[in-house]
Amino acid sequence: MGWLLGLSLAAPTGAEEAEIIVRGRLTPFRGDAAFSTVSVGKPAIDAASSLDEALKAEAQASLFRRQSSLSANPTIQGLSLRAIAPSGAGRALVTLDGVPQNDPFGGWVIWASLPADAIDRARVVRGAGGGAYGAGALTGVVDLDLAPPQSGVTGGLDWGDSGSWGVQLNGGVGGLALHYSRARRYGDAAVRGTQRGAADEGVFGDDEATLATWRGEARGHDLTLMAGRYDSRRDTGLSGATARARGHQYALSLTRPTAETGDGYRLQLWYRDSDLSNRSVSVLSGRAGTSLANDQFATPAEGYGFNAAWRRESDSGEWEVGVDTRRSEGEARERFRYVSGVATRYREAGGRTDLSGVYVQGTRRFGAVSLTGAVRADNWRATRGFRRESELSTGASVLDLRPSEAETTVVSARLGLTRQVGTQQWRAAVYNGFRPPSLNELYRPFRVGNDVTEANSALKPETLSGIEAGWRYAVNGLSVDLGVFHNRLSDPISNITVGFGPGTFPTAGFIPAGGVLRQRQNAGEVRATGLELSARWQAAERLTLTLSGTATDAQMRGGDPALKGKRPAQAPAYLLSVGGDYRLDRTRLSADWLFIGESFEDDLNRQRLSPASRLRLMAERPVTEALSLRLSVDNALDADIPIQRTADGIVGYDNRRAVMLSLRWR
C-alpha cells in the first residue's frame with residue numbers, strides 16, 4: 001500500500017527528489033525508480049483550477065470524462081493513470097498521507113474534499129501496484145503529501161467573472177494545522193446552439209471542506225492525527241439533476257523513521273464515511289424539459305482500514321514487509337419509476353467487501369545497477385449483498401435479490417531494474433496487479449438522462465499485467481524521462497451496451513426512445529501500448545519550459561466480438577501538455593496548453609468525441625511582502641471541448657472561458 005512509504009521520484013524533476021524525507025512517513029522506497037514516476041509540486045497544484053487538473057497536466061491522469069471535478073458528477077470523479085480504460089470508479093489508488101481517498105462505496109474521489117493548501121505535492125507511480133501499494137493501484141498510485149504545519153494565518157480570496165467565488169483559510173501553531181476552503185462555481189450549459197432546449201441549464205458547484213492535522217515527536221517516534229469533513233454539490237447541466245456528496249475521515253499514524261538505526265516501522269488506523277444523494281432526470285422530446293426519473297436520496301457508506309510496515313535500510317539496499325486490511329460497507333436508497341411526477345417504487349441495494357493483504361519487497365544495489373522486487377497476496381470477499389424493490393403505494397415486494405457471496409485470492413508481483421550511466425539512467429520493469437469491484441459496481445444501477453446502466457453482482461476483480469522500459473537524463477537544467485509500456489487489462493469492468501429504447505428489459509424495466517441500456521460486465525481484455533514523455537528545461541534564469549504527454553493505442557480483445565478492436569470508452573488517443581513559467585521582474589507569468597486526442601463515449605465507438613485543447617494562463621504579482629494578486633484565465637481561447645455525446649447525437653461541452661482574480665496572503 002502506497003501509504004506505507006514515500007515514493008522515489010527520479011527525473012524529470014531531478015535526482016534530488018529521491019532525497020526528500022517527509023516527516024511522519026518512512027523514507028522514499030528506492031526501488032520505485034525502476035517505474036514511471038512523476039512529481040507534481042506545490043507551484044503546479046497552486047496554478048491549476050483543481051487538483052485533478054494539475055494531475056492531468058503533469059501526469060496525464062484523468063477522470064472518467066474530460067471535464068474537471070469542478071463540474072463533474074461525483075460518480076465519475078474516479079482517477080485513472082494512462083489511457084488504458086478510464087472508469088467512473090477510477091483505476092488508480094489515491095492516498096493522502098497514506099489514507100485512501102477512494103470512496104468506500106463507489107471508488108471515486110471527491111476532489112473538493114481536499115483543500116489545495118493542505119497538499120504539499122503529489123507523487124505519482126504509474127503501472128500496476130503489486131508490492132506495497134495493493135488493491136486499487138491498477139494503473140498506478142497517486143500519493144498526496146500533507147503540507148508541513150506553519151505558524152500563523154494564510155489564505156486567499158477568489159472572484160470569478162460569472163459570479164464564482166472562493167475562500168481558503170489556513171492556520172497553524174506548533175504541530176497543529178487547520179485548512180478550510182469554500183467555493184462556488186457557476187458554469188455554462190453543457191448543451192449549446194440549436195441542440196439546447198429548456199431541459200438544459202448551467203452547471204453549478206458548491207464545495208466546503210475542512211482538514212485538521214497534528215504532528216508530534218517523542219522518543220524517536222512521529223505521531224500524526226488527521227481529521228476532515230466535506231460537503232460538495234453539483235448541478236450537472238440538466239434541470240433538476242443534482243448530486244451532493246458528504247463525508248468525514250479520521251486517521252492515526254505512528255512512525256519510527258529509519259534515519260538513526262536503519263530500522264523503522266509505521267502503523268496506521270483510518271476510518272472514512274460518505275453519503276451521496278443523486279437526482280437523475282429523463283429528457284422530454286425536443287429537450288422541452290425534464291421529468292424526475294430517479295431520486296437516490298441517500299448512500300450511506302463506511303470504510304475502515306489498518307496497515308503496518310517494517311523497513312530496514314542500508315547502503316547496499318532495503319527490504320520491507322507489511323500487512324493491510326480494509327473493509328467497505330454501504331447501500332443506496334432511492335425512489336424511482338416516476339409516473340406523472342410521482343415515484344411509484346423504492347429500492348435499496350448494497351453489501352460489504354473485505355480485503356486483507358500481506359507483502360514483502362526489497363531493493364539491492366550492485367554498483368551502478370539496482371534490482372527491486374516485490375510479491376504480495378490478497379484475499380477479497382464480497383458478502384451481505386442485496387437488492388430490494390417494492391411498490392411505494394402498497395409496500396408490496398416486486399424484487400428481492402440475494403446475490404451469492406464471492407471470494408478470491410490474488411497474487412501480484414513486480415520486478416524492476418535500473419542502471420546509472422553518468423547523467424543517464426535506464427530502467428525496465430514487469431508487474432501485475434488487481435482492482436476489486438466497488439459496492440457501486442456490484443449492486444447499484446444508475447440513470448443519466450434516458451440512458452440506464454445496470455449493476456452486476458457477478459463481477460470479478462479486474463487484473464493488469466505489464467512491461468515497461470525507459471530512459472532518464474538530467475544535466476544543466478534539462479531533464480527528460482522517456483518511456484514505453486505495454487499493458488494487458490483482463491476482465492475490465494465496463495459499461496456494455498445491452499439494448500436500445502424504446503423497450504422493456506428484464507430487471508431494468510422500460511427504456512425510453514433515444515435511451516440505451518448498459519450493464520457493468522467483465523468485458524474480455526484491453527491491450528494498450530503507449531509512449532510517455534516528461535521534460536523540463538531551465539531555458540534561462542527566469543524561464544522554465546515543460547512538456548509532458550502520453551500516446552496510447554488501446555483496443556478491446558476477446559469477449560463480445562462486436563467490441564474487438566474498439567477503443568475503450570473515454571480513452572483518449574493522446575494527452576499532451578505544453579507549459580511555461582516566466583519571471584518578469586516581480587511578476588510570474590505561466591501558461592499550460594493541454595491537447596486531448598479523440599475518444600468515444602461508448603464501447604461500440606459510435607459516439608465520437610473529437611480532439612480538443614484547453615489553454616490556461618496565469619499572472620501573479622506581489623503587492624506587499626505578504627500579499628499577492630493573481631489573474632487566471634481557464635480555457636483562454638474559449639475552445640469547444642466535447643465531454644459527452646448521447647445515443648441520439650446530443651453533444652455536451654465543458655465550460656467556456658472563465659476568468660478568476662485571486663488575492664493571496666502568506
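## Strands, cores and cavities in a predicted model

Ile596 stands opposite Ala612 in S37. That pair belongs to the contact between S34 and strand S37 (residues 612-622), which run antiparallel and are joined by nine bridges. The model is a predicted one. The account below starts with these strands, then turns to other hairpins and sheets, the nonpolar cores and the cavities.

**Antiparallel pairs**

S34 also pairs with strand S33 (residues 574-584), in the antiparallel sense. Here 10 bridges hold the pairing. One of the bridge partners is easy to find: Val578 is matched with Trp593 in S34. Two residues lie between S33 and S34, and the strands form a hairpin. In its turn, Asp585 has a positive phi of about 60°.

A second hairpin joins S31 to S32, again through two residues. The strands S31 and S32 (residues 543-557) run antiparallel, with 15 bridges between them. Ala535 stands opposite Leu547 in S32. S31 (residues 525-540) has another antiparallel partner, strand S26 (residues 478-490). That pairing covers 13 bridges. In it, Leu489 faces Val526 of S31 as its opposite residue.

The table lists antiparallel pairs with their bridge counts and one pair of opposite residues each.

| Strands | Bridges | Opposite residues |
|---|---|---|
| S26 and S31 | 13 bridges | Leu489 and Val526 |
| S31 and S32 | 15 bridges | Ala535 and Leu547 |
| S27 and S30 | seven bridges | Ile496 and Gln519 |
| S33 and S34 | 10 bridges | Val578 and Trp593 |
| S34 and S37 | nine bridges | Ile596 and Ala612 |
| S4 and S5 | two bridges | Thr95 and Pro100 |

**A four-stranded sheet**

Four strands make an open sheet, in the order S23-S24-S30-S27 and with mixed pairing. Strand S23 (446-448) and strand S27 (493-500) each have a single partner strand, so one side of each edge strand has no neighbour in the sheet. Neighbouring strands here are turned by 25° against each other on average, direction ignored. S27 pairs with strand S30 (residues 516-522) in the antiparallel sense, over seven bridges. Ile496 stands opposite Gln519 in S30.

**A five-stranded sheet and helix H2**

Another open sheet has five strands. Their order is S3-S6-S7-S4-S5, and the pairing is mixed. S3 and strand S5 (99-100) form the edges; each has a single partner strand, so one side of each is left without a neighbour in the sheet. S4 and S5 pair antiparallel over two bridges. Thr95 stands opposite Pro100 in S5. Helix H2 packs on this sheet and touches S3, S6 and S7. The direction of H2 makes about 135° with that of S3.

How much of H2 is buried? Eight of its nine residues are, and the helix is mostly covered. The buried residues are Leu51, Asp52, Glu53, Ala54, Leu55, Lys56, Ala57 and Ala59. Charged side chains are among the names on that list: Asp52, Glu53 and Lys56. After H2 comes Gln60, with a positive phi near 55°.

**The nonpolar cores**

The largest nonpolar core has 33 residues. Leu55, Leu79, Leu96, Trp111, Val142 and Leu144 touch the most other members. Two or more residues come from each of strand S3 (36-40), helix H2 (51-59), strand S4 (93-96), strand S6 (119-126) and strand S7 (140-146). H2 gives the most, with four residues.

Which residues does Leu55 contact, leaving aside its neighbours within four places in sequence? They are Val40, Gln60, Ala61, Leu79, Trp111, Ala122, Val124 and Val142. Apart from the largest core lies another, of 23 residues. Its members include Phe35, Ala85, Ile496 and Ala528. Ile496 is thus named twice: in this core, and opposite Gln519 of S30.

**Cavities**

How many cavities of 30 Å³ or more does a search of the whole structure find? There are seven. The largest has a volume of about 440 Å³. Its lining holds 29 residues, and Asn102, Asp103, Arg326, Ser328 and Pro436 are the closest to its centre. Strand S14 (263-283), strand S17 (317-339) and strand S18 (342-366) each supply at least two residues of that lining.

Technical notes:
Residues are numbered from 1 along each chain as its sequence is written. This is a predicted model: local features need pLDDT of at least 70, side-chain atom pairs count only at pLDDT 80 or more; totals for chains, interfaces and linings use all residues. Side-chain values use heavy atoms; hydrogens and water are left out. A nonpolar core is a set of buried Ala, Val, Leu, Ile, Met, Phe, Trp, Tyr and Cys residues joined through side-chain atoms within 4.5 Å. Buried means under 20% relative accessible area, exposed over 50%, partly exposed in between (1.4 Å probe, protein chains only). Contact means heavy atoms within 4.5 Å. Two strands pair if DSSP finds at least two bridges between them. Axes are lines fitted to C-alpha atoms, for helices over the stretch in contact, and angles run from 0 to 180 degrees between N-to-C directions. On a 1 Å grid over the protein atoms alone, a cavity is a set of points where a 1.4 Å probe fits but cannot get out, and a pocket is an open set with protein on both sides within 12 Å along at least five of seven lines; lining residues have an atom within 4 Å of a point. Grid points are joined across faces, edges and corners, and a volume is the space filled by probe spheres set on the points.
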